[in-house]
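Visitor: I would like to go through this structure and ask how each label is earned. Please show it first.

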Amino acid sequence: MTADGWADKWIEIDVDDIRWNLEQVRSCLQEGVRLIAVVKANAYGHGAPEVARILYQQGVDFFAVSYLKEALALRHSGLRGSILLLTPLITEDQVQEALENHITLSITSLPEAELIDKVSRLSKRIATVHLKVDTGLGRFGMDLEQALQCCEALNRNSNIYIEGIYTHMAEGAARNTRYTLNQFKRFREVINQLQDRGYHIPICHCANSAVLLNYPHMQLDAVRVGTLLSGQHPVGKISHRLELRDPYRFKCRIISVRNLKKGSYLGYNRTYRLKHAAKVAVLPVGYHDGLALAVDNRPSGLVDLLKVLAKTVLNYFHFPRLQMKVSYKGHLYPVRGKVFMQMCLVELPVDLEVQVGDEVEVPIRKTLALGSLMRLYVREGKAGKVDNDQYVSYVVEEEFNE
Ligand SMILES: *Cc1c(COP(=O)(O)O)cnc(C)c1O
């Protein structure tokens with residue numbers, strides 16, 4: 001937002017869509033199963049403090065994030081409820097700060113258990129912890145033997161409350177269910193062995209979005225859901241689909257529009273040449289804003305590789321269905337030429353009425369959009385005016401304080 005209140009790009013988040021998705025997720029929960037709302041990565045781009053508030057207002061009281069910084073930001077925003085940290089802490093200061101702010105910690109190895117034990121004794125603070133078991137993702141976690149040792153060690157410290165134990169699945173949306181079933185079996189074995197030694201941990205959890213939809217019997221005591229709340233299904237095979245709504249719209253304003261002749265080249269390296277006379281609009285968004293960035297992962301198999309290759313070839317020939325498009329007054333128009341660092345070009349029909357300053361919706365991945373960009377929380381289709389700062393906090397603050 002500029003000094004005169006004019007914003008050239010912003011994100012609109014529909015509060016009712018977030019509530020709708022929450023109810024969709026809740027409709028699959030068996031009785032007594034708790035929802036841990038994963039709001040990491042700025043709530044998948046929707047704005048973590050605001051989304052957490054909206055969910056809290058609807059009765060969600062358990063949240064999870066990846067990093068201490070994210071957990072503290074939520075706490076400092078005034079969020080009550082549990083906040084589970086999904087990664088380990090590695091220094092005494094971090095643990096101290098986390099305990100002061102009532103953050104629930106993950107213990108993924110024995111040295112971390114020692115660290116938390118030490119800090120909680122020194123500071124005389126209660127540490128609420130969840131044990132992390134690795135059953136096959138290969139990221140964090142203990143095996144059975146380590147989990148047992150961990151429970152024994154922590155049992156001697158009455159300041160430590162082992163509230164939960166969890167694992168994370170590697171391929172909940174894969175067609176082949178064997179690996180997931182195996183991970184679940186291993187997790188159950190750990191829980192049973194701990195129980196046999198007298199360690200009863202109240203909250204056992206392993207299901208993310210994909211596992212919740214594909215394996216209802218893996219809900220246990222709680223599920224950790226992020227993707228579904230953000231209005232999307234996980235990529236892959238999903239056997240039970242929900243009716244989700246995408247609460248996210250990335251919008252910007254046209255900052256220039258000109259008539260260009262048939263045959264004009266557009267952009268660096270002249271990768272596009274106009275086939276007709278056209279209006280060419282400049283939008284103030286480019287790859288720095290997350291436009292047209294692909295996640296550069298190795299294809300996951302031969303079929304995936306062929307898909308990637310086919311897409312690349314079709315893209316080369318400007319295949320219309322793969323063409324990136326923006327939405328202007330309810331119609332789609334193609335982005336042409338190479339996307340610039342902070343701008344892109346859109347081809348519009350030469351006879352279309354277009355003004356500089358008009359709104360355009362742009363397909364920018366929500367998890368790539370800059371966290372610093374203004375997010376407007378809207379209800380019932382009414383977007384708060386971009387130049388009205390009050391509206392931004394209006395919906396969330398007022399309803400939070402009801
Ligand atoms: C991100 C994450 C989740 C949430 O996964 P979704 O597929 O987005 O629901 C759950 N658990 C852990 C450990 C995670 O890192």
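Visitor: Which residues does His-240 touch, leaving out those up to four places away in sequence?
Guide: His-240 touches Leu-213 and Asn-214. Contact here means heavy atoms within 4.5 Å. This is a predicted model.

Visitor: Why is His-240 called partly exposed?
Guide: Its relative accessibility is 42%. Buried means under 20%, and exposed means over 50%. His-240 at 42% is therefore partly exposed.

Visitor: Where in the chain does His-240 sit?
Guide: His-240 is in the loop between β9 and β10, the latter being residues 248-253. Phe-250 is 10 residues away from His-240 along the chain, and the two C-alpha atoms are separated by 29 Å.

Visitor: What makes Cys-150 buried or exposed?
Guide: Its relative accessible area is 0%. The limit for buried is under 20%, so Cys-150 is buried.

Visitor: What is Cys-150 in contact with, beyond four places in sequence?
Guide: Its contacts are Ile-107, Leu-110, Ala-113, Leu-131 and Met-142. Cys-150 itself belongs to helix α7, residues 144-155. Pro-111 lies 39 residues from Cys-150 along the chain, with 9.3 Å between their C-alpha atoms.

Visitor: Why is strand β6 described as largely enclosed?
Guide: Of the 6 residues in β6 (127-132), 5 are buried, so the rest of the structure largely encloses the strand.

Visitor: How do you know that β5 and β6 pair?
Guide: Pairing takes at least two bridges, and β5 and β6 have 3, so they count as paired. They run parallel. One bridge puts Ser-106 opposite His-130 in β6.

Visitor: What is the order of strands in the open sheet?
Guide: The sheet has 8 strands, in the order β4-β3-β2-β9-β8-β7-β6-β5, and the pairing is parallel. The edge strands are β4 (82-85) and β5 (105-107).

Visitor: What makes those two edge strands?
Guide: Each of them pairs on one side only. From one strand to the next, the twist averages 30°.

Visitor: What packs on the sheet at β3 and β4?
Guide: Helix α4, residues 68-76, does. The helix touches β3 (62-65) and β4, and its direction makes about 170° with that of β4.

Visitor: How many bridges join β8 to β9, and why do they count as a pair?
Guide: There are 2 bridges between β8 (203-207) and β9 (222-225), and the strands run parallel. The minimum is at least two, so this pair qualifies. Ala-207 has Val-223 as its bridge partner in β9.

Visitor: How do you know that both faces of β14 are covered?
Guide: On one side, Ala-278, Val-280 and Val-282 are buried. On the other side, Lys-279, Ala-281 and Leu-283 are buried as well. That agrees with the count for β14 (278-283), where 6 of 6 residues are buried.

Visitor: Which strands does β14 pair with?
Guide: β11 (256-260) pairs with β14 in the antiparallel sense over 5 bridges. β17 (344-348) also pairs with β14 in the antiparallel sense, over 5 bridges. Val-257 has Ala-281 as its bridge partner in β14. Val-280 has Glu-347 as its bridge partner in β17.

Visitor: What holds strands of a sheet together in pairs?
Guide: Strands pair through backbone hydrogen bonds, either parallel or antiparallel.

Visitor: How many cavities of 30 Å³ or more are there?
Guide: The search of the whole structure finds 5. The largest has a volume of about 90 Å³.

Visitor: What lines the largest cavity, by class?
Guide: The lining has 8 nonpolar, 3 polar and no charged residues. Among them are Ile-18, Tyr-44, His-46, Gly-226 and Ser-230. Gly counts as polar and Tyr as nonpolar.

Visitor: Which helices supply at least two residues each to that lining of the largest cavity?
Guide: They are α2 (40-44) and α3 (48-57). Val-51 and Leu-55 are part of the lining. Both are also among the buried residues of α3.

Visitor: What follows α3?
Guide: Gly-59 follows, with a positive phi near 100°.

Visitor: How much of the protein chain is buried?
Guide: Buried residues make up 49% of the 402 residues. The chain has 11 helices and 19 strands.

Notes:
Residues numbered from 1 in each chain as written. Predicted model: local features only at pLDDT ≥ 70, side-chain atom pairs only at ≥ 80, totals over all residues. Heavy atoms only, no water. 1 Å grid on protein atoms, 1.4 Å probe; cavity = no way out; pocket = protein on both sides within 12 Å on 5 of 7 lines; lining within 4 Å. Points joined across faces, edges and corners; volume = space filled by probe spheres on them. Helix = DSSP H or I, 4+ residues; strand = E, 2+ residues; numbered from the N terminus. Axes fitted to C-alpha atoms, helices over the stretch in contact; angles between N-to-C directions. Buried < 20%, exposed > 50% of the residue type's maximum accessible area, 1.4 Å probe, protein only.
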